[in-house]
Amino acid sequence: MIELRDVSKIYQIGDERVHALDHANLHVYPHEFVSVIGPSGSGKSTLMNIIGCLDTADAGEYLLDGTPIEAYSENALARVRSRKIGFVFQSFNLIPKLSAEENVELPLIYQGVKKAERTKRVREALERVGLERRAKHQPTELSGGQQQRVAIARALVTQPSLILADEPTGNLDSHTSREIMDMFRELHEQGNTIVLITHDNDIARQAKRIVHILDGRLTEVSG
Amino acid sequence: MLSVKMALRSIGANKMRAALTMLGIIIGVLALVVLVSLVSSTTDSITSEVSSLGSSLLTVSIRDDHGMPVRLEDLQDWVDAEPSVSGISPYATATATGKYALESGSVTLYGVTGDYYEINGQQLIQGRYIKQSDLRSSSRVCVLDETTAEKLVGYADCAGEVIALDGIKYTIIGVVKADDSIISSFLSSMTAYIPYTSLIRLSSTTGTSITNFYIGPSQGYTVPQAETAMKELLLRRFDEDEDAFRISSVNIIEEAMDRVNSALTILLGSIAAISLIVGGIGIMNIMLVTVTERTREIGIRKAIGASHRTILVQFLIEAVVLCMLGCALGIFFSWAILQIVSIIVAGTSLSFHLQGNVVMWSVIFCFLIGVIFGLYPANKAAKMKPIDALHYGG
């Protein structure tokens, strides 16, 4: 599913070279629920950008579904993101002018899915996160938890190989966080592959497998 | 279609800004459509009034004389035979070197008869015009136009002076007002009128057989009436062969109005086009602001699978839609203004209406401006890296 082999990413900050990722190795198998935990500045975001094909590695190899990623052009990466990855961000990242259903519809438009099919799949995705009644609402009219559920629906709607969640509960209160985490567990039980990145131990523990990241190095915590 | 809807919503999200941005385009279109419509409506009205007074002359060119060349005497016979025809003048040109004292230059010679004066509405300033007797004796006399006289002789009232045309001495018998049409002032050539028979001697290309002549209709007859009469006459002469000659009516005033119209249209059109371009720069400016403001949105769209092209097209369409909205409003306001002007001038012969082709041109022009000035901001948006865009401003 995901295979990182000796992946490194180096940032030049002033005179200093920072190893955001230092020979990182990671295997994620299909239908796994993995959380990556680490404090801020540990290279979490870099890892997520590389797994999410938002950025490419400086060294090493990254295979997604068996295909190597680094050689891809900007447009090819956009295609990979569109087909294989569903993102859930800490700050929801919904487009404010669009209603919930339009936000969910957007990735399907980018894939070139026909209107009738889009409408059907958007409705299904919103039903799965329990927001079919809020379809016409603008993000500003929804609570944080609801916005995150719209974002999850948007990630689900393309039936991606991988759902990549970056601190999905970071902006939510503990009650709503639990709801969102329940939803991720449920999605996992339905057979989705999930990689969750967090700094919160309680959140990380809900995954089947936890990977630690510190100074760009990954260590397996439990299986 | 979906992207146009999206673009309209983004524009609608910031109505005040959109309105101010469109103002440049609206004013540009307004200037273009109203000015051009006013000019062409005015010249249309004047032209139709002028042509209702009657056209001025007919031209005939003989292509095949069927072995019966047209001679000077024939022309006089026709004038006598046709009541609708007041005069016929042959017409041939040649170029000669004109010389007076130390001054010299190339002169266009017109070989004509006395009828030419009436038919072409020339006006004598001094002296007399070419007479029948000049033609009979092929006398070496010439009539200059005012500008030529001033250029060659040095002063306008120069009748009685002698100039040399290709070395042969010609006496100036009269001076006519210069034909101050745009074309002749453009060419700024010198012009002299000499008896047709004298031109035959001077120029090897002009013979006794006449191939081109002007016909002037009589008072009380219209040009079409004279045209019909002459056509019948010429058909009889040339064995009913319609291809032997060509007869056409020329309305000098109409032609002049057309020239004025197109000159003014081009002038006003280019002024308005400049204001449209300025409007386009306004669009580009605001699109750049929009792209920066929506950096995060671009990041999100890219993260969920939008390609370079998708983002480019999205912002390009937004710029074009903004331009086309401005264009539509501009056309609407132009229509309203022209309606109001029409009410004000109601009762006069003037009528103002939207000119279809200027509307079409402004639509095309606005579209191009949208594309050209939208391309740079759209490309800037499309080139953003998703990670940079996502982390922009939090």
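Let's start where the two chains meet: chain A puts 18 residues into the contact and chain B puts in 16. Keep in mind as you look around that this is a predicted model. On the chain A side, helix H2 (74-84) and helix H3 (100-111) each bring at least two residues to the surface that touches chain B. What sort of residues does chain A offer there? Sorted by class, the side of chain A that touches chain B has eight nonpolar, five polar and five charged residues.

Now stay in chain A and move along to another pair of helices, H5 (residues 144-156) and H6 (residues 174-189). Their axes come within 10 Å and cross at roughly 15°. Angles under 35 degrees count as roughly parallel, so H5(A) is roughly parallel to H6(A). As for handedness, H5(A) and H6(A) make a right-handed crossing.

Which residues actually make this contact? From H5(A) you'll find Gly144(A), Gly145(A), Gln148(A), Arg149(A) and Ile152(A), while H6(A) answers with Thr176(A), Glu179(A), Ile180(A) and Met183(A). By class, that gives the H5(A) and H6(A) contact three nonpolar, four polar and two charged residues.

Finally, hop over to chain B and take in the chain as a whole. Its secondary structure adds up to 14 helices and 11 strands. Of the 394 residues in chain B, 39% are buried. How far apart in sequence are the residues that chain B brings together? Take the contacts in chain B between residues at least 6 apart in sequence: 82% of these join residues at least 24 apart.

Methods
Residues are numbered from 1 along each chain as its sequence is written. Chains are lettered from A and ligands numbered from 1 in the order in which they are written. This is a predicted model: local features need pLDDT of at least 70, side-chain atom pairs count only at pLDDT 80 or more; totals for chains, interfaces and linings use all residues. Helices (H or I, at least four residues) and strands (E, at least two) are DSSP runs, numbered from the N terminus. A residue is buried if 20 or more other C-beta atoms lie within 10 Å of its own, exposed if 12 or fewer, and partly exposed in between; C-beta atoms are placed from the backbone. Two residues are in contact if their C-beta atoms, placed from the backbone, lie within 7 Å. Axes are lines fitted to C-alpha atoms, for helices over the stretch in contact, and angles run from 0 to 180 degrees between N-to-C directions. Angles under 35 degrees count as roughly parallel, over 145 as roughly antiparallel, 65 to 115 as roughly perpendicular and the rest as oblique. A crossing is left-handed if the near helix is turned anticlockwise from the far one by less than a right angle, and right-handed if clockwise. Ala, Val, Leu, Ile, Met, Phe, Trp, Tyr, Cys and Pro count as nonpolar, Asp, Glu, Lys and Arg as charged, and the others, Gly among them, as polar.
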